[in-house]
Structures are given as C-alpha cells and as structure tokens.
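This briefing looks at a ligand site and at a few individual residues. Please keep the sequence and the structure in view while reading.

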Amino acid sequence: MSAVFFLSPLAADAPEPEGGFAQTVRPAAEAVVSLRDAGIVRGDGIFETFGVVNRSIQAETAHLNRLARSARLLDLPAPHLDQWRAALAIAADTLPETGTGSLRLSLTRGVPGEGPSAWLAADETPADLPERHSGLAVVSLERGLSVHASERTPWLLAGAKTLSYAINMAALREAASRGADDVLFISTEGLALEGPTSSLLVYTDGEFVSPPRDEAILAGTTVDAAFEWLRTQGYTCVYRQIPAVSLGSVDGAWLLSSVRMAAPIRTLDGQPVTQQPELNESLVHALLARTH
Ligand code: PLP
C-alpha cells in the first residue's frame, strides 16, 4: 500500500488556517510539481524518512527538528512543523493498522521566485528485514570530507539531509561491485563517519560508541533512540571519534536507520566483525517497539 500527498508549505509563523492544517494537505491526484522545480533539476532541497509501526510515527519530533536544521543549513524558509505534523498524521493513517511503514517527506526550494514545494509519501515496508538478523558485508570507502567540514566548508552541507543523494547511491553501487551490501564512509583523518543511509554504532570495551553528531555526519535519530534504550539496560553510551583502524578489534558494530532499525556489520572489508546475537535481537526489538 502506498499513498502520496502534496502541500503548499506555510511560513513557520503562519497561523492555523480555518478548518485546520489538514486542509492544506492535498491528494497526489491534485499535485502540481513543476519540472523546473529546483528539487527536481538540482536536488536542491531536503527530506526526512520516518519509521512507522502500527501507525505510530517513530521519533517524529527528532525528525522534524532535523528537518528544521537542514532547512537552516540550506537557507530554506523554516518549515511550519505543525503543518507537517498534520500532514504526517494523514499519511500515517493510510498505512495498515498493524505493521510497519515509512513516511518520506520532501521539501524543495521550488521554482525560482515561487517559493518551496513539498510532498509526502507513505509506504508499507516488509514486516521484517533479513539484514537485521543475518547482518551486512560492509566496505569502507573514503568520503573525501574532513570531520571539520561543517565549520570549514559549510557549503558542502555536511550534516544536512539534502535531496542530493546521488553520491550516497554511487557509494552503494561501488559496494555492490565489490560484492558487499553496504558502505562505511571514512573521513580524510581516517575516522569512521556513517553509512550512505545509516549511522554507525560500535560496541567496544563494554561501551557503545557512535561518531560525534556534528562532525560531517547526519545526526541519526535511530542511534539516539538506541542510546536511550541501551542506557536503560545499564550500558554507557558516548558520542566519540572512532578511528577506522580500531574497527578490526571491536566487540560489535551496527548500521542504524529509521526503517532498517539496526543491522549488525558481519564483515568489514572482508574481515569478520564480532557478533552479539542476543544483544542484536533485543536492540532490534526495542527499536521496533517504539511508539513515538
Ligand atoms: N546518515 C545518513 C547519511 C542517512 O541518510 C541516514 C538515514 O537515512 C542516517 C544517517 C540515519 O538517520 P536516522 O536514524 O534518523 O534514519
């Protein structure tokens, strides 16, 4: 099952229209997106993908806050978060009452002089994903970015979730050409960053570690949720730099994202990575069990 909606984005301080924000959300059949839209011709825009379980939108506020941050980094008008909440609720309601799905919103710079465009798609996702259990063969690839990219080269938009994912998709094709499932990007300093569509989580010396959220990566909502749950289980969780060379001796490593939840890294550059099967199953279960 899948459904698409579009909306005319309101200014962040616009009052609620008579009849509520819901009436600003229109079905796809009425959608008009110009072929001159900067999102389409230049990938000049931002997006967010939300996980949905039993129609509950997971980490909605964290995603919307990240949307607002991405808008700031791209000098896009600030999104009206209540309008987006209304749109997300309408889209989530098209998904089955029980089961998993995703909501993907796109917000573009639009046609020059006409203001932003926005749309939203709801899709059912498979009840389970094999990689959550069997894991991933991952290759490390240079990202060509310093961990200081956000301060030194802000125009490279490190840390913004932009529509320009062509590089990320090219990296995944490179992995496939090497017989691998996924990628771990490495900074120019030799530090582990993230995957093309996921965050890195590592278990080492009894601690869970993920790279600093402001160092040339997208601040992941799932890794945040994983930390929250792991802390309830008594684990120490820290955001800290992870030298790529240290990954050969960790006690577990995962790639995390909103729809995938968590998938253990089975091999990195062909070398086996230690597995934590019980912990893995509990982590996947905890991430799927989130109701907000
Ligand atoms: N890093 C990148 C580059 C991503 O594209 C994503 C998700 O798509 C993530 C990290 C993980 O973010 P989240 O856990 O919020 O889905």
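Is Ser258 buried or exposed, and what is its relative accessible area? Ser258 has a relative accessible area of 12%, and because buried means under 20%, Ser258 counts as buried. The model is a predicted one, and the points below take up the ligand, then two of the residues closest to the ligand, and finally a loop with positive phi values.

**The ligand and its surroundings**

- The ligand sits in the largest pocket, and the elements that each contribute two or more residues to the shell around the ligand are helix H2 (60-73), strand E9 (194-195), strand E10 (198-204), helix H7 (221-232) and strand E13 (252-257).
- The ligand is surrounded by 17 residues, of which the closest are Lys161, Tyr165, Thr221, Thr222 and Ser258.
- By residue class, the shell around the ligand is made up of 10 polar, 4 nonpolar and 3 charged residues.

**Polar contacts of the ligand**

- An oxygen atom of the ligand lies 2.6 Å from an N or O atom in the side chain of Thr222, and for the side chain of Thr221 the corresponding distance from a ligand oxygen atom to an N or O atom is 2.7 Å.
- With Thr197 the contact involves the backbone, where a polar atom is 3.5 Å from an oxygen atom of the ligand.
- Taken on its own, the ligand has 380 Å² of accessible area, and the protein covers 94% of this area.

**Thr222 and Ser258**

- Thr222 belongs to helix H7, and its relative accessibility is 3%, so that Thr222 counts as buried.
- Thr222 and Gly99 are 123 residues apart along the chain, and the distance between their C-alpha atoms is 19 Å.
- Ser258 is placed in the loop between E13 and strand E14 (261-268), and the side chain of Ser258 reaches the backbone oxygen of Thr49 at 3.5 Å.

**The loop between E3 and E4**

- Asn54 is found in the loop between strand E3 (45-53) and strand E4 (56-57), and its phi is near 50 degrees, which is a positive value in a residue other than glycine.
- Arg55 also lies in the loop between E3 and E4, with a phi near 70 degrees, again a positive value in a residue other than glycine.
- Asn54 counts as partly exposed because its relative accessibility is 42%, and Arg55, at 31% relative accessibility, likewise counts as partly exposed.

Definitions and conventions. Residues are numbered from 1 along each chain as its sequence is written. This is a predicted model: local features need pLDDT of at least 70, side-chain atom pairs count only at pLDDT 80 or more; totals for chains, interfaces and linings use all residues. Side-chain values use heavy atoms; hydrogens and water are left out. A residue is near a molecule or strand if one of its heavy atoms lies within 4 Å of it. A polar contact is a pair of N or O atoms within 3.5 Å; within protein, one must be able to donate a hydrogen and the other to accept it, and residues adjacent in sequence count only if both atoms are side-chain atoms. Accessible areas come from the Shrake-Rupley method with a 1.4 Å probe; for residues, only the protein chains shown count as cover. On a 1 Å grid over the protein atoms alone, a cavity is a set of points where a 1.4 Å probe fits but cannot get out, and a pocket is an open set with protein on both sides within 12 Å along at least five of seven lines; lining residues have an atom within 4 Å of a point. A molecule sits in a cavity or pocket if more than half of its atoms lie within 2 Å of its grid points. Helices (H or I, at least four residues) and strands (E, at least two) are DSSP runs, numbered from the N terminus. Ala, Val, Leu, Ile, Met, Phe, Trp, Tyr, Cys and Pro count as nonpolar, Asp, Glu, Lys and Arg as charged, and the others, Gly among them, as polar. Buried means under 20% relative accessible area, exposed over 50%, partly exposed in between (1.4 Å probe, protein chains only).
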